[in-house]
Amino acid sequence: MDAEGRRFSQWAAAGFNAQRCPARNLLDRTGDKWSALLLMALAEGPCRFSVLLRLVPDISRRMLTQTLRELERDGLVTRTVFPTKPPSVEYALSPLGLSVLVPLGALLDWAGLHFSEIEAARARYDGAAKD
């Protein structure tokens, strides 16, 4: 059994609580449709809302607002309001948000390397499911 298998066995033996699982909680956030894209966009540096809206294709204003709030709630993003007229708001990665870029980047690299294999597996599965 590899280290990850042992880790899960240890969690299960300790009375694993899926709701409190750190990995599940983080993957719920970073694995949603928009969070990883926003985190990677903010890796370039702080951005205003309108810039993020242009950088992330197909995201609605409502979903951008909701996702930024969730990332801010999790401590991954900071929101700074500047006292201009009208007030301008800038979003940036917090130190915690910066620290997630390395593992997130590794996952994105892995996905890029293996996406064609995943697509092929899906096609085989979908073809077999029709039979």
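Select the hairpin that joins E2 to E3 through 5 residues. Strands here, like helices, are DSSP runs numbered from the N terminus, with at least two residues (E) for a strand and at least four (H or I) for a helix. This is a predicted model, in which local features need pLDDT of at least 70 and side-chain atom pairs count only at pLDDT 80 or more, while totals for chains, interfaces and linings use all residues. Residues are numbered from 1 along each chain as its sequence is written, and side-chain values use heavy atoms, with hydrogens and water left out.

Colour E2 and strand E3 (residues 88–93), which pair in the antiparallel sense over 6 bridges; two strands pair if DSSP finds at least two bridges between them. Now add E1: the 3 strands form an open antiparallel sheet in the order E1-E3-E2. Strand E1 (47–48) and strand E2 (77–82) are the edge strands, each pairing on one side only.

Next, pick Tyr91 in E3, which stands opposite Arg79. Leaving aside neighbours within four places in sequence, Tyr91 is in contact (heavy atoms within 4.5 Å) with Leu42, Pro46, Cys47, Phe49, Leu52, Leu68, Val77, Thr78 and Arg79.

Tyr91 leads to the largest nonpolar core, which has 22 residues; Leu38, Leu39, Leu52 and Tyr91 have the most contacts inside it. Such a core is a set of buried Ala, Val, Leu, Ile, Met, Phe, Trp, Tyr and Cys residues joined through side-chain atoms within 4.5 Å. The elements giving two or more residues to this core are helix H3 (35–42), helix H4 (49–55), helix H5 (61–73), E3 and helix H6 (95–130). H3 provides the largest share, 5 residues.

Stay on helix H3 and select Ser35. Ser35 counts as buried because its relative accessibility is 0%, where buried means under 20% relative accessible area, exposed over 50%, and partly exposed in between (1.4 Å probe, protein chains only). Not counting residues up to four places away in sequence, Ser35 touches Arg29, Thr30, Thr67 and Leu71.

Finally, move to helix H1 (residues 3–13) and select Trp11. Trp11 is partly exposed, with a relative accessible area of 34%. Add Phe8 and Phe16 to show the nonpolar surface patch of about 290 Å² that they make with Trp11. Patch residues have over 30% relative accessible area and no salt bridge, and nonpolar side chains (Val, Leu, Ile, Met, Phe, Trp, Tyr) are joined within 5 Å, like charges within 9 Å. A salt bridge is a side-chain nitrogen of Lys or Arg within 4 Å of a carboxyl oxygen of Asp or Glu.

Notes:
Accessible areas come from the Shrake-Rupley method with a 1.4 Å probe; for residues, only the protein chains shown count as cover.
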